[in-house]
Structure formats: structure tokens, C-alpha cells
Amino acid sequence: MGYRVVVVGATGNVGREMLNILAERQFPVDEIAALASRKSKGTECSFGETTLKTEDLDTFDFTGWDMALFAVGSEATKQYAPIAAAAGCVVIDNSSLYRYDPDVPLIVPECNPDAIMDYSKKNIIANPNCSTAQMVVALKPLHDRAKIKRVVVSTYQSVSGSGKGGMDELWLQTKGTFVPGQEVEPGIYTKDIAFNVIPHIDVFMDSGDTKEEWKMVAETKKIVDTSIKVTATCVRVPVMVGHSESINIEFEDFLDEDEARDILREAPGIMVVDKREDGGYMTPKECVGDFATYVSRIRQDVTIDNGINLWCVSDNLRKGAALNAVQIAELLGRRVLKKG
């Protein structure tokens, strides 16, 4: 006996990836529904060897369905997630709407699986921001050993984090650079993204941080430990898929780089690729399509007493979004629903 699963926003980048990963991981599905807006009704989506036709989110009845993976923006989530939750369907939400709600667990299964039991307060579980998800997978096993005091992170985030529009803008601007008359002005981004980097993701806040940077701070505290100090600089780079992060970690206790490497090798969800030679590290292009979060360039920071530097890359459409949502669904099944 399996689950009746709904994917909301099935025609978008993340929604399609959710369907792919549910099939790849052989999630125990008895029935699956792909939902989209009314204008996309009837659009075909793949689920393994099966082709699904999207149904209208506006008229869908969630009664009798076990879980709904939401891959739509906050406005649509605000309207439809409470309807699904009230019908008894557990919502796993990829938007930012519920992440900071104290009554909604924010979960990365490798880090805080026990938080799943708090889902029943609202029948909603939140998926973290893509840049946070891959970082905390690397931080948590190190924190368990030496207790992290402070994290300084700079991100190199791909355009797929902005959806299809961001990917299209990078492609068209790149082409327009070489084809006279096909130049494309910035639309999704504030400046050219082709052959450029933009230190601006989401809106600016009064502090001078962007909302993306604030998310990394707040979400790391909620998922790992409220006492950890985090400062972030988030940058959009001309990469199609795959986020990268340069992470500097200060611990309360000394942690040798070799022990840190060994800890990460044994940690769930992590693959260590760390050879001190040409090409002995991972890049975002190489991680596309993989489930793992890759860690490279692990080394002592000799400028502080207890410091480690590392490089972290992951497919943001997978671990940063769709994979983490499916892993939450698997955790929900194992710990709570127990049908599959």
C-alpha cells in the first residue's frame, strides 16, 4: 500500500524535478496528481514511464490525498496550502511562506529529522532555501563534533534559482553578446548576468543585507542551532544549474582538517572530493543531476584559533528544492504515515 501524492506547480522547473525524483527514488505512490494553474491545464508532465496531464489547482479537491508537494510561489501557497492542510493532506512547501513560522517545522532530513513530529500543528512542513539546504548538510556533522560559533559564507548561485526566466535571460544575453541586433537588456536581473556576477539576490533590507542573505541566517539557526552566528553574501553567477558556496567556519573547539574530512566522508548526503591537485575538487557543472552535496577544498584557517574553510556545491534544483522535499516526504512516511 502506497501514498496518494499531489505535486502542485508541476509544470515549473522544481515541480518537474519533484516528479522526476519521486520516480527515480521509487517513492511508494498509489496515485499521483500533477496540478498547475488553469492556463496550464492539460500540459503533459513525465512521471517515470508515465505521462500525466496537469489538473486545475483552483478546482482540485485534496480530500483523501496523503501529501502535497508545493512548488509554487508564496502567493499561491498562501491561498491553496491551508485548503490542502485542512482537507487532511500534509503540505510540504518549497516557498518561503512558512519557513519562519514557529508552528511549522523547517526540515533538512540529514540535519533535524526529529522536527517532523511538529508537522501536526498546521499540517504543513517547510522546505528551506536552496542555498541554506546544501550548507547545513555540511555544517551539521561538524557542529555535532566541535560546536560552531560563527559561519561566514559567500554564495555563487546559478540562474536556475530564478526559475526559467533567469535561465532564458542568461542564454539570450550570452547569444546577444556575439550576434549584433540580438542584444538583450536585463529584465529578470538588475544588471547583465552574461559574463558578469551580481551581488544581489532578492530585495534589500534596512540592514543592508538582501533577503536571501537574511534567509541563510534565520534558516541555519532554525535548522541547526540558534546560537550559531551567520553572515552571508549572496551572489548570482552566470551558471545555469548548481549553487556553490565558500564557507568559513569558526568552532568552539579545535577541529583538525583531516578529522573534518573524515567526518564529512561519513556524513549522510555528503560526497567529499578533495585532492590537492589540478581538478581535485567539484564544480557546479559536475554536480548537475546528482543527489549529493559535494564538499571540496577542506583546509585549516590559520588566521583564527579554531577555523576551517571549505567549498560546497550542489544541484540547487535537487538538494536545494525538489530532492529535499521528496526526502521530507520519505521521512514523513517512515515516521508518521507509515503506509509505504
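**Close-up A. Asp258 and Arg261 pair up in a salt bridge.** In this predicted model, the closest N and O atoms of Asp258 and Arg261 are 2.9 Å apart. Both residues belong to helix α6, where they sit three residues apart, about one turn of the helix. The two partners are worth viewing with their accessibility in mind: Asp258 is partly exposed at 41% relative accessibility, whereas Arg261 is buried, with a relative accessible area of 9%. Arg261 counts as buried because its value falls under the 20% cut-off.

**Close-up B. Glu17, Glu24 and Arg318 form one network.** Here the view moves to a set of three residues, Glu17, Glu24 and Arg318, joined by salt bridges that share partners.

**Close-up C. A salt bridge brings Arg145 together with Glu259.** The N-to-O distance between these two side chains is 2.7 Å. Arg145 lies in helix α3 (residues 130–146) and Glu259 in helix α6 (residues 257–266), so this pair links distant parts of the chain, 114 residues apart. If you check accessibility, Arg145 comes out as partly exposed, at 35%. Glu259 is also partly exposed, with a relative accessible area of 31%. Both values lie between the 20% and 50% cut-offs, which is why neither residue is called buried or exposed.

**Close-up D. Asp66 and Lys339 are joined by a salt bridge.** The closest N and O atoms of Asp66 and Lys339 are 3.0 Å apart. Asp66 is found in the loop between β5 (55–56) and β6 (67–70), and Lys339 in the segment after α8 (318–337), so their contact ties together parts that are 273 residues apart in sequence. How buried or exposed are the two partners? Asp66 is buried, with a relative accessible area of 14%, while Lys339 is partly exposed at 26%. The 20% cut-off falls between these two values, which is why the residues land in separate classes.

**Close-up E. Trp171, Leu172 and Met240 make a nonpolar surface patch.** For a change from charged pairs, this view turns to nonpolar side chains. The patch formed by Trp171, Leu172 and Met240 covers about 280 Å². To find your way around, start from Trp171, which lies in helix α4 (residues 164–178).

**Close-up F. The whole structure holds 21 salt bridges.** This last view steps back to the full set. A search of the whole structure gives that total of 21, and among them are Asp258 with Arg261, Arg145 with Glu259 and Asp66 with Lys339.

Technical notes. Residues numbered from 1 in each chain as written. Predicted model: local features only at pLDDT ≥ 70, side-chain atom pairs only at ≥ 80, totals over all residues. Heavy atoms only, no water. Salt bridge = Lys/Arg side-chain N within 4 Å of Asp/Glu carboxyl O. Helix = DSSP H or I, 4+ residues; strand = E, 2+ residues; numbered from the N terminus. Buried < 20%, exposed > 50% of the residue type's maximum accessible area, 1.4 Å probe, protein only. Patch = residues over 30% accessible without salt bridge, like charges linked within 9 Å, V, L, I, M, F, W, Y side chains within 5 Å. Areas by Shrake-Rupley, 256 points an atom, 1.4 Å probe, with all protein chains shown as cover.
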